[in-house]
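User: I have a protein open in front of me and would like to walk through it with you. Could we start with one spot and work outwards?

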Amino acid sequence: MNKWLKYVTLTVMLLTFNCFFNLWPVRAQAGFTDFITRSGDTLMEGTSTFRFIGANAPLLNRAWTDPTEIEDAIRAAGNSGINVLRLYPFEVKMNSDPVETFRHVMGPDNYNESSFKIMDKILQLANQYNVRLIVPFVDTHNYIGGVADWAAFRGKAASEFWSDPTVKQDFKNFIHYVTHRTNTYTGVQYKNDKAILAWQLGNELYSTDSWVSEMAAYVKSIDSNHLLTDGGYVRAQGIKTNALNDNHIDIIDPHIYEYHNVDMVTKLNEWRNQTKGKKALIIGEFGDYTPTKTEQLLDIVQNNGTTGVFYWGSMYHHKMGGWHWPLPQKNTNDWSYLRYPGLPTGDWANESTIITLLRNYAYSIKGSTVPPWPIPDAPVMFPVDSVHTLSWMGVSGASTYDVERSTSSSGPWTTVGSDVTDDITTPRHHSFTVPIFNDASVNDGTSYYYRVKAKNVDGLYSPYSNIIGPIKAKSGTIVDNESSGYAETGTWGTSTLSGSYGGSSRYSSTFGSTATWKPNISTPGYYNVYVRYPYHRGSAVNAQYTIYHNGVTNTVSIDQTTIADGRWRLIDTVFFTGGPEEYVKLAVGSGFNYRADAVMLEPQYFGDGFQNNSSSNWTSLSGSWSLTSDVSGDTIDVSSKVLKQSGTGIAETVTGSTYSNATITIAVKAYDNKMVNASAGLVARANSDFSNMYTLRINFNLNKVQLYKKISSNWTKLGEADMTAAPGTWYLLKLEMNGSSLKGYVNGVKKISVSDSSLTSGYIGLRTYDQTTVFDNILVSSN
């Protein structure tokens with residue numbers, strides 16, 4: 001696929017805990033009885049014909065993918081009936097990658113274990129939810145590394161991938177490693193895993209006939225269980241005779257799109273006639289057709305004997321709330337990635353209609369009746385410190401949610417939000433919980449509890465989520481575009497898009513125009529700075545906000561197509577001294593509509609996002625601490641500053657005042673490291689030299705989150721929980737301290753709850769051990 005990454009920057013590697021999965025009801029391990037086999041041009045499952053409607057899942061097997069997101073994607077496939085997925089190929093290290101980037105293939109015979117554990121998890125869950133997979137070995141393109149990068153390992157040109165003996169042997173060694181890898185979750189070798197429908201030599205390969213014959217024979221010689229697809233670059237130019245005649249190739253999988261400018265009906269029937277009696281035919285990719293043409297394509301596939309078809313492509317929930325974005329394709333106005341069961345912001349691309357068509361044909365091609373959508377599982381609410389930013393991890397198959405509130409954890413409960421949607425696009429690198437619902441009906445100073453339940457398209461409800469709270473409603477300072485503290489320069493227009501605060505907002509595409517909000521704070525202190533704007537898919541993707549506070553300037557750039565539609569988006573936590581000179585300003589760039597609506601400030605104890613390009617709040621006690629730009633996935637995000645620790649051994653830094661009862665939140669990301677007990681985390685209730693402290697840390701070596709106390713340099717472990725602790729991934733660590741009660745969270749999910757009264761107050765800080773780590777979004781808030 002050579003279109004999606006023109007619009008995708010593979011930014012942050014996001015992996016999180018296996019044990020998060022347990023928050024949903026445990027399903028019986030389903031598994032498969034049979035491998036898929038071939039009889040002539042027909043695929044078989046045991047003695048039954050195997051046909052399907054499936055989807056491409058291009059982000060599922062990325063080195064940064066989060067296990068909770070993997071489960072969401074595979075569960076959605078299983079629940080929808082669109083239950084065959086084609087993955088994108090394995091990632092390969094590129095010369096352009098920053099030093100900290102890790103991928104499946106780091107070099108010849110050098111494979112990254114953390115990355116392959118993602119594939120392990122995919123296979124485990126595919127078996128659990130009865131989802132079949134097609135797995136390509138290599139990409140012809142170099143978005144995530146591919147053919148050219150394999151050749152570059154040996155100093156060869158990309159064209160020599162097909163002919164150089166050393167490069168070919170490197171690739172065979174990789175194929176052997178993949179097929180013979182033992183899954184760390186199931187104990188099953190990949191070559192013996194029935195969830196794999198077929199291997200694919202690669203994606204859209206410009207391969208030579210001799211290379212295809214050699215590699216196909218090799219794959220079959222070491223794995224006799226699985227089918228093999230060619231993966232050649234079959235578009236309008238037709239199917240290669242060599243692939244049709246090669247006994248080791250089982251499946252031909254051409255791609256077809258509207259922008260290929262070929263007659264769809266003619267081409268589908270031509271391909272079927274060429275493969276009839278010889279190979280199974282699967283349409284490996286399609287996607288940019290209208291609903292009418294999509295239905296026509298599916299009807300042809302069903303009636304002419306084609307085995308199956310894959311739509312490009314599907315997306316899944318983000319671990320911090322909302323969704324990975326449904327990106328438009330090829331600058332078209334009617335083609336988007338799909339989110340089951342379809343959401344309002346996808347209406348422009350006929351998302352719900354396309355999903356319904358795919359689902360109807362997924363069952364009819366098997367001769368089955370379309371069942372109702374399953375009842376959703378319970379959502380998981382995240383702990384938050386503001387009633388204006390309620391958040392949860394959405395669940396597969398849910399169309400809306402109902403939010404309920406009470407002043408007691410035992411009720412009675414009142415519905416404060418009906419048919420709330422989590423139809424929010426969340427940036428891949430986002431490391432803070434995403435606001436989904438704003439409870440605007442609260443009384444200031446009152447504490448509330450919340451719970452949520454999901455509803456499917458048929459109106460059936462899930463069980464209730466966990467209960468969060470108490471959350472004390474605070475008086476925030478809000479400056480709207482109609483407030484006296486708001487000012488503009490340049491050219492602006494008025495918008496009444498849904499989600500505009502007070503019913504209206506402002507927009508401008510005139511370069512150099514500005515919008516300024518002056519909150520005129522009367523009480524000096526730290527404040528969360530939130531911005532709000534309505535959703536429009538043509539909004540600015542690099543909107544730059546400047547926050548002037550306490551004599552310094554912080555600059556934050558955000559994508560206004562994400563976390564939009566009237567949500568309060570946290571952009572920074574800063575210290576305001578108060579007065580009319582401090583402000584938040586939006587500057588208009590070029591090429592898009594920049595949207596100015598409202599700004600809200602809420603008081604906090606302390607915060608530091610390092611966007612003033614300074615780490616002056618922090619005092620190093622040991623280690624090597626420095627301010628740097630974040631490495632997000634395979635790019636360096638120069639606009640995002642983080643605090644980095646790169647020394648070995650113990651590294652500690654301290655900041656701020658002393659705190660007793662408070663909640664400390666940090667975003668933490670470690671680089672790949674296999675040192676014993678390599679760890680990173682936060683420090684609380686410490687004395688100035690850290691001889692006494694609590695520390696909540698991620699142990700990347702043991703795959704655990706751990707809570708320790710240190711008294712007079714003596715360590716005691718208070719609690720720990722298992723997790724998948726992957727380097728290159730942002731984690732959100734949170735420690736709630738209320739008297740002797742200590743609760744530790746990772747990515748919004750409670751992992752540790754203990755009681756200890758050894759330390760009652762002290763400083764906060766950061767700590768690492770034998771681990772290069774970056775930190776961001778440090779926040780200290782009241783309980």
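User: Where is P374 placed?

Analyst: This is a predicted model, and in it P374 lies in the loop between α9 and β14, the latter covering residues 380-381.

User: Is P374 buried or exposed, or something in between?

Analyst: Something in between, because its relative accessibility is 31%, and P374 therefore counts as partly exposed.

User: And which residues does P374 touch?

Analyst: Leaving aside residues up to four places away in sequence, P374 touches N79 and N456. By contrast, Y448 is 74 residues from P374 along the chain, and the C-alpha atoms of these two are separated by 32 Å.

User: Okay, what about T290, where does that sit?

Analyst: T290 is in the loop that runs between β12 (280-286) and α8 (291-304). With a relative accessibility of 34%, T290 counts as partly exposed. Its C-alpha atom and that of S508 are 32 Å apart, with the two positions 218 residues apart along the chain.

User: Changing topic: which residues does a cis peptide bond join?

Analyst: One such bond joins W312 and G313, with omega at about -5°, and G313 belongs to the loop between β13 (308-311) and α9 (351-364). Another cis peptide bond joins G411 and P412, where omega is about 5°, and P412 is in the loop between β16 (400-406) and β17 (414-420).

User: Why point those out?

Analyst: Because most peptide bonds are trans, and in a similar way most residues other than glycine have a negative phi.

User: So which residue has a positive phi although it is not a glycine?

Analyst: E204 is one, with a phi of about 50°, and R685 also has a positive phi of about 50° without being a glycine.

User: Where are they, in loops or in strands?

Analyst: E204 is in the loop between β9 (196-200) and α5 (209-222), whereas R685 is part of strand β38, which covers residues 679-686. E204 is buried, because its relative accessibility is 2% and the cut-off for buried is under 20%. R685 likewise counts as buried, with a relative accessible area of 2%.

User: Zooming out, how many helices and strands does the protein have?

Analyst: It has nine helices and 46 strands. Of its 783 residues, 62% count as buried, and among contacts between residues at least 6 apart in sequence, 74% join residues at least 24 apart.

User: What is its radius of gyration, and what would a compact globule have?

Analyst: The protein has 27 Å, and this agrees with a compact globule, because one of 783 residues would have a radius of gyration near 28 Å. Along its principal axes, the C-alpha trace spans about 80 × 60 × 50 Å.

User: What about the surface and the charges?

Analyst: The accessible surface comes to about 25800 Å², and 46% of that belongs to carbon and sulfur atoms. There are 64 positive and 70 negative charges, and their mean positions are 3 Å apart.

User: Last thing, where does pLDDT stay under 50?

Analyst: The average pLDDT is 91, and 93% of the residues score at least 70, but residues 1-29 stay under 50, although the model has 147 contacts for them beyond four places in sequence. The pLDDT is also below 50 over residues 328-332, a stretch with 17 contacts in the model beyond near neighbours in sequence. Where pLDDT is low, the predicted coordinates should not be read in detail.

How values were computed:
Residues are numbered from 1 along each chain as its sequence is written. This is a predicted model: local features need pLDDT of at least 70, side-chain atom pairs count only at pLDDT 80 or more; totals for chains, interfaces and linings use all residues. Side-chain values use heavy atoms; hydrogens and water are left out. pLDDT is the predictor's confidence in each residue, from 0 to 100. Contact means heavy atoms within 4.5 Å. Helices (H or I, at least four residues) and strands (E, at least two) are DSSP runs, numbered from the N terminus. The radius of gyration is taken over C-alpha atoms; the globule rule is 2.2 Å times the number of residues to the power 0.38. Buried means under 20% relative accessible area, exposed over 50%, partly exposed in between (1.4 Å probe, protein chains only). Accessible areas come from the Shrake-Rupley method with a 1.4 Å probe; for residues, only the protein chains shown count as cover. Lys and Arg count as positive and Asp and Glu as negative; His and the chain ends are not counted. The place of a charge is taken as NZ of Lys, CZ of Arg, CG of Asp or CD of Glu.
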